[in-house]
Amino acid sequence: MSGNRSGSGIRTRSPRELRRIRRPRAHSCWDHLYAAPLWPLHGANLGTLLRTCDAVGACLTVPRFPWVPEAVARGNTLRRRPCVHWTGDPLGWLEKQRERGTHILGVELAEEATRLADLTPARSPTVIVLGHEQHGIPPEALDLLDEVVEIPMVGTGASLNVAVAGSLVLYKSAGLL
């Protein structure tokens, strides 16, 4: 819905205005922020996370499990080609990122975790590691993390889905929240 609502002073932006003020084409790899759901469970969440990556100027890094390419393609509703990096070995990819000096931030419930509200925006290349939606980040990957961020929750659920958790951390890391 665009235009004025009757009686309110709120005016929404039209699609034409949005196209004019946003970047005119898809970003190439800026090598700054990566959302890395390296142990995905649900394909629908990958498409949602891909749209958030586009919104904040990040790239998506996913394993080339047999079902993942089709899930990413199915969930991709963007008009332009998004930045997607593929890996066959999640742990090996994380080790390479660490060797090149990339900050590796895990989203996990852990002792000494940084609260999401206290997370500072990324000032250097940063990988945001998202674990399996039921089991979290595997123990063998925890030692590769430089920092862990926790999303506070007051409800009874144990965690958010990977798209929601990743989106919150991406916006905060991009300095947009």
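Strands are DSSP runs of E with at least two residues, helices are runs of H or I with at least four residues, and both are numbered from the N terminus. Two strands pair if DSSP finds at least two bridges between them. The model is predicted, so local features need pLDDT of at least 70 and side-chain atom pairs count only at pLDDT 80 or more, while totals for chains, interfaces and linings use all residues. Residues are numbered from 1 along each chain as its sequence is written, and side-chain values use heavy atoms, with hydrogens and water left out.

**Exercise 1.** Work out the order of the strands in the open sheet, and find which strands stand at its edges.

*Solution.* Start with the order, which is β5-β4-β3-β8-β6-β9-β7 for the seven strands, with parallel pairing. Next, β5 (84–87) and β7 (114–115) are the edge strands, and each has a single partner strand, so one side of each is left without a neighbour in the sheet. Finally, look at the β7 edge, where two bridges join β7 to the parallel β9, and where R115 stands opposite E150 in β9.

**Exercise 2.** Find which strands helix α2 touches, and give its direction relative to β4.

*Solution.* Contact means heavy atoms within 4.5 Å. By this rule α2 (residues 43–56) packs on the sheet and touches β3 (33–37), β4 (59–63), β5 and β8 (126–130). For the angle, axes are lines fitted to C-alpha atoms, for helices over the stretch in contact, and angles run from 0 to 180 degrees between N-to-C directions. The direction of α2 makes about 150 degrees with that of β4.
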